[in-house]
Amino acid sequence: MPSPGAIAPLHARLAAALGQQRLLVSPDALLAWECDGFTVHKSRPGAVVLAETTEHVQTALRILNDAKVPFVPRGAGTCLSGGPTAGADAVVIDCARMRRVLHVSTEDLYAVVQPGVVNLDLTTAVTCHGLHYAPDPSSQSVCTIGGNLAENSGGPHCFKYGMTRDHILGALVVLPDGSLARLGSPAGSRAPQGLDVAGLFCGSEGTFGIATEITVRLSRNAQEVRTLLAAFADMGAACRSVGDILAAGLVPAALEILDQATIRAVEASVYRAGYPEDAAAVLLVELDGAREVVAEDALEVREMFARNGALRIEEAADAAERKRLWKGRKGAFGAMGRINTDLYVLDGVVPRTRLEQALAGIAAIGEKHGMLITNVFHAGDGNLHPNISFDGRDAEQTRRTVAAGHEILQLCVDLGGSISGEHGIGSEKLDHVPMMFDAADLDVMARVRAVFDPDGRCNPGKVLPNRSACAEVAKWPQMIAKVLDVEGPR
Amino acid sequence: MNATFAPERVEEVAHWLRQRPGRVRVVGGGSRQHELPDCDGAARLGLGRLSAIERLDPGDLTCTVLPGLERRELDAALAGHGLELPCLGEGTLGGLFASDPVGPAAHGAGNPRGLLLGCDAVLADGTPFKAGARVVKSVAGFDVHKLLVGSRGTLFVATRLHLRLQARPRAVRWVERDELAIDEALRLCRALRELPAAPDVLALRRSDGGAYAVCARLVGRTRLVDAAATQLALQDREPGAPLPLPSPATGEVVRGLALPSALAGLCGALPARGAFAWLGGGRFEACSPDPTTTDRLLAWCTANGCPATIVAGPASRRGRGTPLDPGEARLAHGLRTALDPDGILA
Amino acid sequence: MASSPDSPDTVARSYPRTLDCVHCGLCLPTCPTYQVLGVEADSPRGRIYLMRALAEGRVEDPQAIRPFLDRCLDCRACETACPSGVRYGEILETTRAALERQQPTPGPKGFLVRTMLWHVVARQGRLRFAFAMMRAAEVLGLRWLAAKLRLIPRHMAEIAPPVPTARERRPLPTGLHKPPPGVTPRGRRVALFTGCIMEPMFGRVNRATLDVLLQNGFEVHVPKAQGCCGALLVHAGQPERARQLAAANVAAFAGDEIVVNNSAGCGCALKEYGHLLGTPEGEAFGRKCRDVTELLAAEGLTATPAERPVRAVYDDPCHLCHGQGVRSQPRELLRQVPGLQLVEAERAEDCCGSAGIYNLLQPDVAQQIGQRKVDRLQATGAEVVVTANPGCMLQIDSHLRRSGHPAPTLHVIELLRPPSPPT
């Protein structure tokens with residue numbers, strides 16, 4: 001793999017082919033690309049290409065292929081696992097400028113978009129047709145469809161409507177050698193008797209290539225949406241309400257829980273939603289569908305809330321109130337920034353019925369390390385987001401944060417869950433991958449990856465531990481482990 | 001007929017493959033073998049005896065099954081918990097996912113690959129591995145298990161499947177209206193798609209005689225379902241979707257994808273006679289009396305962006321279809337080579 | 001007590017504020033420059049990150065990051081979106097001041113920032129003289145020649161409307177004004193801040209403000225000793241000069257309890273004198289200041305505005321909605337205008353690209369941002385565009401004219417005049 005110096009000779013070629021205004025090389029300016037939403041790992045890229053078209057991406061990748069220089073695709077940089085963070089020997093292919101909606105079919109219910117289109121902007125663009133794009137990560141007002149595709153992003157409404165992958169029909173992909181592959185079609189991601197290559201590409205965390213046109217499914221807006229909020233005096237009652245709702249065969253569009261510390265942080269922020277600050281837990285339930293069904297479901301849900309001793313039950317009377325109730329949930333991550341200078345947003349999954357057990361375990365881990373751990377989570381999926389607030393300038397606090405995170409993920413796996421429900425592995429969780437997968441599993445994944453990226457130059461050092469061709473980024477976990485004196489990857 | 005190895009325990013699969021039995025054809029219940037290319041001389045790996053529900057966690061909406069389990073056995077077990085596997089098709093579950101699974105079948109209702117949460121599997125060389133997880137949501141690692149869908153046993157042998165379940169709707173009613181002209185049928189399809197509680201299965205079919213029928217599975221609350229049935233003048237029908245079409249004694253079957261906007265054109269391009277069925281999710285199958293007619297249909301599909309393949313007919317013709325994108329074809333070939341470099345799985 | 005923006009360890013002082021940012025990115029879609037340019041370093045998150053790196057001593061050549069900071073409109077839309085409560089404006093102004101001190105802006109831009117702002121804009125007499133000269137030149141047809149000879153910047157020639165007549169430019173009479181006969185006095189006295197550009201460019205807005213206040217029963221004091229608020233100097237990284245102006249204004253309004261202004265940019269700066277001066281007097285002054293719409297909505301109109309049967313769209317000035325949190329008040333007032341149909345534009349809170357003298361310093365970006373703004377305003381089908389800041393009025397008006405749209409751009413206060421104004 002080339003040394004960081006290998007990029008400098010390419011500056012002139014890249015600038016000549018793409019235009020000087022699409023290339024950033026000033027080391028000081030490049031600092032802005034050092035990290036995404038996961039600020040523990042920082043690394044300054046060797047250059048940034050500001051691509052606007054498929055041809056720009058192809059041109060850049062061909063030049064980089066000739067010199068065997070690694071590259072890292074990037075959208076809006078809201079990833080929470082270090083996915084778009086690049087080593088000094090790599091070039092960032094920034095797709096934020098590729099934000100045109102290329103085609104919308106209101107009859108066949110799909111849209112073709114460039115990867116930099118912001119998730120919520122797509123919904124806004126089709127809302128006049130009574131349609132929306134279903135996956136809604138909390139960062140949906142910022143994050144891009146390209147990033148969603150790479151990460152197979154989730155969101156509150158994935159409980160009913162599925163993850164990003166369930167809404168991806170196809171993609172035009174620039175492979176690391178600069179060649180094109182058109183995966184899937186508006187009619188389906190997999191042709192009859194073919195392989196589901198588009199489905200595999202989704203969730204590959206930017207290590208297979210760069211999608212430059214993405215075909216996504218659009219969904220019809222429900223006839224009726226009702227959003228209910230219940231406040232509980234203890235977390236157990238909130239979790240039991242979720243169990244009751246599911247056991248009754250109801251399928252809410254979303255089931256979200258915030259704990260007390262999160263409620264208070266949100267209420268102190270510009271995203272205050274009027275959540276009761278004295279409650280130990282707030283449960284948000286959204287029901288959607290045919291008007292009559294939703295009305296009946298809402299009554300049943302209210303009864304279940306009451307049976308579980310809800311302190312307060314509130315229902316959004318109109319779209320504005322619904323927006324307010326959701327505002328707090330969607331702004332929760334940023335609001336946690338009020339508690340301390342840094343925030344480690346964890347992402348783990350347990351079987352839904354193990355939620356209470358998991359939360360108790362997380363509290364115990366927090367106590368053991370003396371760290372404040374707050375929880376906001378997708379209760380229907382068992383997808384936990386423990387947030388650890390810490391001061392990143394304090395090495396000891398950082399060490400305890402990383403150690404607590406490690407133990408929480410082990411707890412999730414021990415309970416039969418996963419180390420990531422929607423944030424991805426990126427560089428963040430390389431250490432944790434062996435909790436779920438052994439050498440044989442990883443070898444199969446590496447073989448699959450090599451089909452797309454035989455040189456290991458596409459977003460190196462991500463997803464697969466010790467499999468990286470890019471030595472510098474791959475060393476992160478070990479380096480951090482060494483600095484922080486915690487257990488590194490096996 | 002070649003020898004069949006039929007393991008009774010999951011571990012035996014890897015052990016047997018490590019002994020290098022030569023070329024291997026994976027068989028579940030055997031119901032879809034006619035769709036595969038011939039494989040004379042290949043040893044048969046029969047998974048029918050690996051038939052068990054290892055875990056069923058109703059509260060988590062998940063289960064773990066072995067690949068030889070028959071669909072109807074799983075359905076019976078789930079019914080007791082008010083759950084279902086939202087996907088059409090019969091046979092063994094391994095075969096169901098490895099072939100061309102269909103559904104949840106209405107347009108916009110997702111893809112069966114979403115139901116496959118993870119699996120344990122064995123590579124052709126006998127190396128066991130796993131991918132995915134057994135919880136409803138996980139993005140850890142590359143989703144190699146999803147490649148099982150449509151792989152027809154040519155990439156790896158799945159030995160244990162983790163599946164996602166859903167609550168069975170409180171009211172379910174299969175309905176139909178038949179003896180329709182094509183434009184009437186298309187209007188009815190559109191009306192069904194636009195119901196506030198859209199059906200989760202929607203199908204258009206044509207009998208040998210040429211008359212169209214529309215059938216659907218209406219779901220939700222009884223009052224609502226009944227009102228929709230009355231409003232659209234739908235009669236009750238036997239549960240079950242009309243795909244796949246029964247393999248005809250002569251002629252060929254083309255399977256493809258067609259979006260709603262292509263449907264009128266596709267129906268116009270069909271052979272004058274012969275069964276045809278289309279699901280709201282986009283999948284269609286059409287019987288064709290002879291190769292010339294089939295090729296005409298495939299030419300229409302190529303010109304109109306509908307991927308299609310011959311799935312039944314003479315061995316020499318099976319697998320022909322509309323051209324794949326060369327880039328995608330190269331990747332698909334690469335994946336086969338990467339996972340089964342010696343071409344053992346036939 | 002707030003720190004002064006140019007104390008010796010300025011950047012280090014603002015450093016803790018940068019730590020409030022957890023890099024969530026929720027500010028990105030609200031930032032006009034990020035929307036137009038699509039570059040991380042041209043987003044609030046990116047700029048905070050660069051300023052943090054600067055404070056940490058990780059930036060080798062501070063001038064290399066300066067273009068990104070210079071391109072910021074300082075519109076504060078990001079502050080409205082920030083869940084962590086990052087006070088972006090303060091960090092930016094502190095850092096800009098430090099960078100400007102380290103290496104003053106070169107060339108004509110530097111001249112504009114240092115000389116024009118200080119010697120002309122900030123001194124009412126000179127400003128009036130300059131406008132008189134410009135008007136004379138225009139009457140003689142010399143504007144075209146001046147632009148050709150590059151005596152005035154090309155962009156200024158493009159965006160600046162014709163200089164108003166001397167009658168239009170005449171300053172507001174100073175001293176105490178009483179409600180006219182026939183108007184019931186409220187027994188409330190307010191002081192009016194007249195602003196530097198508003199006087200010669202939009203004299204009609206100041207006269208309307210005085211008139212509406214009087215018609216609604218207020219006594220209005222217009223102190224003679226007041227001057228420019230200093231906002232443009234703060235934005236340009238020259239807080240020490242701004243502080244002189246601020247001190248003069250604090251003194252000029254010493255006897256007044258409420259200071260009303262009709263310019264969102266000035267109003268925001270006036271309210272932030274506490275931070276600028278770092279004194280209790282500055283803090284107290286800031287608390288006295290109100291936007292005129294804020295005052296009238298709180299106190300209620302007693303004089304019904306004249307009928308205006310038009311479709312009007314209100315565009316939020318950044319320094320009113322993001323800077324002062326004033327959003328509903330102008331709309332409430334406009335809804336009280338008989339016959340007026342108020343419509344909303346998409347993303348009304350996005351900056352129009354004026355941002356003080358931004359359209360002179362960053363003409364290309366301002367042009368793109370301005371075009372997006374008027375496209376959205378035009379999409380509403382409004383016959384009148386209403387806003388509440390002179391810079392926004394200039395920018396929107398010039399872009400509307402450029403796209404051949406006939407809608408006039410008015411200040412909210414102009415629509416609140418009762419039917420028959422006295423004299």
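**View 1. Chain A and its long-range contacts.** In this predicted model, residues 24 or more positions apart account for 71% of the contacts in chain A that have a separation of 6 or more. Chain A holds 17 helices and 20 strands. Buried residues come to 66% of its 490 residues. Along the principal axes, the C-alpha trace of chain A covers about 70 × 55 × 45 Å. A compact globule of 490 residues would have a radius of gyration near 23 Å, and chain A, at 22 Å, agrees with that.

**View 2. How far to trust chain A, and the stretch at 467-490.** Mean pLDDT for chain A is 91, with 94% of its residues at 70 or more. Residues 467-490 of chain A are another story, with pLDDT below 50. Even so, this stretch makes 56 contacts in the model beyond near neighbours in sequence. Where pLDDT is low, don't read the predicted coordinates in detail.

**View 3. The largest nonpolar core, with V282(A) picked out.** This core runs to 388 residues, and the members that touch the most others are V49(A), I93(A) and V282(A). Helix α7 of chain A, residues 235-247, gives the most to the core: seven residues. Which residues does V282(A) touch, leaving out those up to four places away in sequence? The list is L229(A), A231(A), I257(A), L258(A), I263(A) and Y275(A).

**View 4. E52(A) in its loop.** Look for E52(A) in the loop between β2 (47-50) and α2 (54-67) of chain A. Once residues up to four places away in sequence are set aside, E52(A) touches R97(A) and M98(A). V117(A) sits 65 residues from E52(A) along the chain, and their C-alpha atoms are separated by 12 Å. Why does E52(A) count as partly exposed? Because it has 19 C-beta neighbours inside 10 Å, and buried would take 20 or more.

**View 5. Where chain B meets chain A.** Two pairs of chains touch, and the pair with the most contacts is A and B. Here 68 residues of chain B are in contact with 76 residues of chain A. On the chain B side, the elements that each supply at least two residues are β8 (128-132), β10 (166-167), β15 (252-257), α6 (260-269), β18 (308-312) and α8 (326-339). The largest share comes from α8(B), with eight residues. Sorted by class, the side of chain B that touches chain A has 31 nonpolar, 22 polar and 15 charged residues.

**View 6. The gap between chains B and C.** Chain B and chain C don't touch. Their nearest C-alpha atoms are 21 Å apart.

**View 7. Domains 1 and 3 of chain C.** Chain C is split into domain 1 (10-102), domain 2 (107-163), domain 3 (168-298) and domain 4 (305-416). This close-up takes domain 1 of chain C and domain 3 of chain C, whose C-alpha centres lie 30 Å apart. Seven residues from domain 1 of chain C and six from domain 3 of chain C take part in the contact. What classes show up on the side of domain 1 of chain C that touches domain 3 of chain C? Five residues there are charged and two are nonpolar, with no polar ones.

Technical notes:
Residues numbered from 1 in each chain as written. Chains lettered and ligands numbered in written order. Predicted model: local features only at pLDDT ≥ 70, side-chain atom pairs only at ≥ 80, totals over all residues. pLDDT = per-residue confidence, 0-100. Core = buried A, V, L, I, M, F, W, Y, C linked by C-beta atoms within 7 Å. Buried ≥ 20, exposed ≤ 12 C-beta atoms within 10 Å, placed from the backbone. Helix = DSSP H or I, 4+ residues; strand = E, 2+ residues; numbered from the N terminus. Nonpolar A, V, L, I, M, F, W, Y, C, P; charged D, E, K, R; others polar. Domains from an automatic or database assignment. Rg over C-alpha atoms; globule rule 2.2 N^0.38 Å.
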